[in-house]
Amino acid sequence: MDTTPPAPVSTRPSPRRRAPQTWPRARAAARELATARPRGAVTEVALGEALGSTLAVDLVARVAVPSLDTAAMDGYAVAGSGPWRVLGRLLAGAEPRDAALSCGQAVEIATGAPVPAGTLAVLAHEEAERNAHTVSGRVRPGRHIRRRGETTPLGSVAAPAGSPVTPALLALAAGLGHDTLRVRRPAVHALVTGDEVRLHGTPAPGQVRDAIGPMLPGTVSWAGGVLTAITHVGDDPAELTAALERAVGEADIVAVCGASSAGPADHLRAVLGGFGAGFVVDGVACRPGHPQLLAALPEGPLVVGLPGNPGAALVAALTLLVPVIAGLAGRPDPAPTGRRVRLAGDVRPHPVDTRLIGVRLCGEGALAVEHVGPADLRGVAVADAIAVVPPQGSGDLAELLRLPR
Ligand SMILES: Nc1nc2c(c(=O)[nH]1)N[C@H]1C(S)=C(S)[C@@H](COP(=O)(O)OP(=O)(O)OC[C@H]3O[C@@H](n4cnc5c(N)ncnc54)[C@H](O)[C@@H]3O)O[C@H]1N2
Ligand code: MOO
């Protein structure tokens with residue numbers, strides 16, 4: 001047993017936890033705080049490094065797509081009425097044919113090749129009857145021709161600023177002639193606290209393996225940020241102060257894992273008080289996750305406190321961390337599904353707190369998973385979504401939140 005007297009925590013008075021905010025209010029406050037702040041730095045990155053970030057400016061088409069009138073099908077570009085005499089062949093990438101087609105003429109053409117001037121339509125191979133030098137079939141004027149700029153006109157906005165950079169958006173950007181993108185991506189530095197916590201290997205009895213760090217890179221990037229570092233900090237206020245000082249100097253958001261509650265080693269609130277932090281959310285009326293917090297430091301960075309229990313940390317991240325990252329990035333919060341479903345299983349409401357329950361989707365409804373204690377990850381690891389059960393169960397359909405993927 002540790003018999004040493006408790007160390008003084010800070011020269012400033014320790015802030016006490018105020019009345020927790022309701023879960024919807026806390027989540028909205030996190031989003032409002034982040035979106036009201038000046039947008040973070042814009043960087044220009046190669047397409048290969050942009051996945052997961054957020055467009056800082058509109059994505060403008062540098063080329064018209066298609067760049068010329070092109071064939072939408074493999075077949076024959078034909079002019080006038082048939083049968084048509086086949087003059088030659090045009091493949092995608094070919095120079096546009098100098099000579100226009102005259103009535104009764106055709107060229108064999110590949111999908112994407114520029115249709116010659118004078119083309120009435122493209123007759124698809126499967127609709128064409130080919131003889132040695134001629135081809136015949138039925139066509140409608142303009143059939144199977146993609147007009148220049150039909151998909152995306154030159155100079156048009158193909159995706160607005162604030163769009164998440166997804167694989168599809170990268171494909172769009174490449175198709176429009178971009179090699180780089182101007183993006184935002186808030187930087188998150190995580191401090192994992194606890195003398196008993198081990199970052200690697202099999203924990204000895206009494207120790208625990210860090211189970212929050214591994215969920216953070218994916219959760220942070222899902223929200224539009226990037227996890228730049230994970231630092232392990234012991235249960236010592238001076239160590240936490242020094243680590244926090246370093247982290248706030250290099251990140252937009254510091255996520256402190258553990259030390260958020262009321263125990264003798266839970267120094268986070270007192271240490272933040274020493275920094276002159278303003279508490280925007282100081283406890284949330286939700287289960288699990290109630291000791292979480294959100295504070296703003298005078299120099300600018302935001303600090304999110306996640307509970308040490310890892311099951312609680314995951315659902316708490318959906319309440320404060322994810323809305324803050326998405327808000328700073330200038331993109332929508334990825335968690336809301338806009339879906340409300342009927343729940344089955346152990347979904348009893350709490351008298352005063354919002355319950356956040358892992359569920360499996362089944363048909364039109366959802367079934368609560370088992371193993372949902374705050375220290376238990378087995379349920380949430382196999383859940384499809386988180387159901388929001390308001391205090392006293394007001395309303396019979398529950399809102400669904402996405403889990404980080
Ligand atoms: N008197 C009170 N005690 C507690 C309260 C309370 O309101 N009053 N809240 C409980 C709840 S709920 C939670 S959640 C925890 C939150 O505690 P902390 O954020 O202060 O975290 P710790 O005390 O450091 O750790 C709690 C628990 O989690 C384990 N842990 C910590 N970090 C990790 C990690 N990175 N990976 C895996 N496990 C971790 C730690 O060993 C403890 O077992 O407080 C309750 N108590
Ligand atoms: O609310 Mo704690 O965050 O349940 O485990």
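A crossing of two helices is right-handed if the near helix is turned clockwise from the far one by less than a right angle. With that in hand, here are some close-up views of this predicted model.

**Figure 1. Helix α4 packs against helix α7 in a right-handed crossing.** Helix α4 covers residues 216-223, and helix α7 covers residues 310-329. Their axes lie 9 Å apart, at an angle of about 40°. That makes α4 oblique to α7. On the α4 side, look for Leu216, Thr219, Val220, Trp222 and Ala223. Facing them from α7 are Leu314, Ala317, Leu318, Leu321, Val322, Ile325 and Ala326.

**Figure 2. Helix α1 also crosses α7 with right-handed geometry.** This view takes in helix α1, residues 23-36, whose axis comes within 7 Å of that of α7. The two axes cross at roughly 25°, and because angles under 35 degrees count as roughly parallel, α1 is described as roughly parallel to α7. Trp23, Ala26, Arg27, Ala30, Arg31, Ala34 and Thr35 make the contact from α1. The α7 residues to find here include Leu318, Thr319, Leu320, Pro323 and Val324.

**Figure 3. The largest nonpolar core holds 49 residues.** Leu216, Leu294, Leu306 and Leu321 are the members that touch the most others. Helix α7 gives the most to this core, with 12 residues. Both domain 1 (23-40 + 186-329) and domain 4 (338-402) supply residues, so the core lies between them. Zoom in on Leu216 and, beyond its neighbours within four places in sequence, you will find contacts with Ala190, Leu227, Cys257, Leu306 and Leu321. Apart from this core lies another, of 20 residues, and Leu240, Val248, Phe275 and Leu297 are among them.

**Figure 4. The protein chain is assigned four stretches of domain, numbered 1 to 4.** Domain 2 is made of 46-63 + 153-184, while domain 3 spans 70-146. The centres of domain 1 and domain 3, taken over C-alpha atoms, are separated by 63 Å.

**Figure 5. Gly104 is a buried loop residue.** The loop in question runs between β7 (84-90) and β8 (105-109). Gly104 has a relative accessible area of 19%. Val86 is 18 residues away along the chain, and the C-alpha atoms of the pair are separated by 9.0 Å. Setting aside neighbours within four places in sequence, the contacts of Gly104 are Ala79, Ser81, Pro83, Trp84 and Arg85.

**Figure 6. Ser163 is buried in the loop between β13 and α3.** Strand β13 is 157-159 and helix α3 is 167-175. The relative accessibility of Ser163 is 14%. Not counting residues up to four places away in sequence, Ser163 touches Ser53, Thr54, Leu55 and Leu169.

**Figure 7. Asp74 is a partly exposed loop residue.** You can find Asp74 between β5 (70-71) and β6 (75-78). Asp74 has a relative accessible area of 39%. Leu123 is 49 residues away in sequence, yet its C-alpha lies 8.2 Å from that of Asp74. Leu123 is also one of the residues that Asp74 touches, together with Ile109, Ala110, Thr111, Ala124, His125 and Glu126, when residues up to four places away in sequence are not counted.

How values were computed
Residues are numbered from 1 along each chain as its sequence is written. Chains are lettered from A and ligands numbered from 1 in the order in which they are written. This is a predicted model: local features need pLDDT of at least 70, side-chain atom pairs count only at pLDDT 80 or more; totals for chains, interfaces and linings use all residues. Side-chain values use heavy atoms; hydrogens and water are left out. A nonpolar core is a set of buried Ala, Val, Leu, Ile, Met, Phe, Trp, Tyr and Cys residues joined through side-chain atoms within 4.5 Å. Buried means under 20% relative accessible area, exposed over 50%, partly exposed in between (1.4 Å probe, protein chains only). Helices (H or I, at least four residues) and strands (E, at least two) are DSSP runs, numbered from the N terminus. Domain bounds come from an automatic or database domain assignment. Contact means heavy atoms within 4.5 Å. Axes are lines fitted to C-alpha atoms, for helices over the stretch in contact, and angles run from 0 to 180 degrees between N-to-C directions. Angles under 35 degrees count as roughly parallel, over 145 as roughly antiparallel, 65 to 115 as roughly perpendicular and the rest as oblique.
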